[in-house]
Amino acid sequence: MSEIYKLIHPVKYFNDYISRNVRPDGRNFYEHRNIKLNVNSIQAAEASAVVKCGNTTVICGIKLELATPKAEDPDAGFLVTNVELLPLCSSKFRPGPPSDYAQVISNIVSDIVINSQCVDLKDLCIISDKFAWVLYCDIVCIDNDGSLVDACIMALISSLKTLSLPTVSYDEETENIKVDTKVRTPLKEYFVN
Amino acid sequence: MGVESGDTKEFKLKPMKCELNFLSKSDGSAILSQGDTVALVSVNGPLDIKMQSQSIEKSTIEVLFCTKGGKPSVPDRYKESIIKQTCETAILGSLYPRSGITITIQELEDYGGLVTCALNCACLALLNSGLAMRHVFAAVCCAVDELGGLVLEPEQPLAAAARARLHFVFEGRNRTLVSAFSEGSYSEVAYEEALEKCRAASEVVFTFYRDVVRKYSNVI
């Protein structure tokens, strides 16, 4: 009954709840939804996290690759974030290239992480002007129930907190690179309290 | 019909020049230069669109942002969504149900403040097109430098080096805030200060709009 009412008179439906200072799902205006967080769930990724914020479910996986730093910034590594909104998360999205909405969310999440400077790109540099880490952060939404940016940031920061970088040894004469995945150093995070 | 505004009063806003009805085949068009930054906007609507894109209660607004480089990229989609949301509140879409309104923005020169220039130009193009609007809007941008000082309408090198860039869009009736978007890190105090400074600076833009309309609607 309330489903039909919600479709026909959406404004009145919401106003009925808001006038009583409560949301349609029973929460107060200042109440959060239940948050569930699970890290290191994806073995194939270097670091991963799954966040469930109410019904919104977002998975983040981080992969590492080596690359040559840019000429204008030889001491900096790269942090590449990408958000994908699969067709299964909501009926609004269709299969195919990323929708405009997905690109906007991707841009917002990327801006937040880079502007907050929580990861110093200089920490990702191994040898100046030769090798640096590239962090490919892939964020995928599998259930869209609102507050996507919040959930994406939660998943991304949790993964970054559990990420540890392998040690790299570089022989200058033979130009040989050896990556030791067993000996790891955790990635340094910069958070302002 | 072109109009010049070199008057910057107490706020150092860049001189604005514009010409309405610049394109011959659009329903509305405007070219605006703020300092050296130039944007060209074309508005077409109400148009007939595909059944799937139609909305039964209002018109569907589509924004296309074209850079000088040509290749579309992810930051362009973000700018499009900001401009679309600002225009959606401004246009009385419920008067044109099941139709589409297309706003195309072409960047011609970028010497800082391109998004605000594009927003102001879009407002002028919408005025020129004759679409029903709830209010006019004006965009002003501000940069927060390392020491926390505010600079209105920064040049490109200063804007790139700044700690944060804040953009605000105000509406014409009560100068209330319509959209705000920012990049970089800044304190709450800096935000409040920038908001008030930009609000006062938007007077210059609204006066400019009034001068423009006065010039070509000379029966009013």
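The following exchange examines the contacts, salt bridges and cores of a predicted model.

Colleague: How many residues of chain B are in contact with chain A, and how much area do the two chains bury between them?

Modeller: The size of an interface is often given as the accessible area lost when the parts come together. Here 6 residues of chain A are in contact with 9 residues of chain B. Of the area buried between the chains, 57% is on carbon and sulfur atoms, and the total is about 700 Å².

Colleague: Which three residues supply 62% of the area that chain B buries against chain A?

Modeller: No other three residues of chain B supply more of this area. They are B:Val74, B:Arg77 and B:Tyr78.

Colleague: Which residue of chain A forms a salt bridge with B:Arg77?

Modeller: The count between chain B and chain A is 1 salt bridge. A salt bridge requires the nitrogen and the carboxyl oxygen to be within 4 Å, and the closest N and O atoms of this pair are 3.9 Å apart. A network of salt bridges links B:Arg77 with B:Glu80 and the partner in chain A. That partner is A:Asp100.

Colleague: Which element gives the most to the side of chain B that touches chain A?

Modeller: Two elements of chain B, α1 (74–90) and β10 (177–184), each supply at least two residues of this side. By class, the side has 3 nonpolar, 4 polar and 2 charged residues. The element that gives the most, with 5 residues, is α1(B).

Colleague: Which helix gives the most to the largest nonpolar core?

Modeller: This core has 61 residues, and B:Ile103, B:Leu124, B:Leu126 and B:Phe137 touch the most other members. Leaving aside neighbours within four places in sequence, B:Ile103 has contacts that include B:Val41, B:Ile61 and B:Leu126. With 11 residues, the helix that gives the most is α2 (residues 114–129) of chain B.

Colleague: Why does the salt bridge of B:Lys58 and B:Glu88 tie together parts that are apart in sequence?

Modeller: The closest N and O atoms of B:Lys58 and B:Glu88 are 3.7 Å apart. B:Lys58 lies in the loop between β4 (37–47) and β5 (60–66) of chain B, whereas B:Glu88 lies in helix α1 of chain B, so the parts that the pair ties together are apart in sequence by 30 residues.

Colleague: Is A:Arg27 buried or exposed?

Modeller: The side chains of A:Arg27 and A:Asp25 meet in a salt bridge (3.4 Å, N to O). A:Asp25 has a relative accessible area of 53% and is exposed. For A:Arg27 the relative accessible area is 16%; because buried means under 20%, A:Arg27 is buried.

How values were computed:
Residues are numbered from 1 along each chain as its sequence is written. Chains are lettered from A and ligands numbered from 1 in the order in which they are written. This is a predicted model: local features need pLDDT of at least 70, side-chain atom pairs count only at pLDDT 80 or more; totals for chains, interfaces and linings use all residues. Side-chain values use heavy atoms; hydrogens and water are left out. Contact means heavy atoms within 4.5 Å. Buried area is the accessible area (1.4 Å probe) that two parts lose on being put together, summed over both. Helices (H or I, at least four residues) and strands (E, at least two) are DSSP runs, numbered from the N terminus. Ala, Val, Leu, Ile, Met, Phe, Trp, Tyr, Cys and Pro count as nonpolar, Asp, Glu, Lys and Arg as charged, and the others, Gly among them, as polar. A nonpolar core is a set of buried Ala, Val, Leu, Ile, Met, Phe, Trp, Tyr and Cys residues joined through side-chain atoms within 4.5 Å. Buried means under 20% relative accessible area, exposed over 50%, partly exposed in between (1.4 Å probe, protein chains only).
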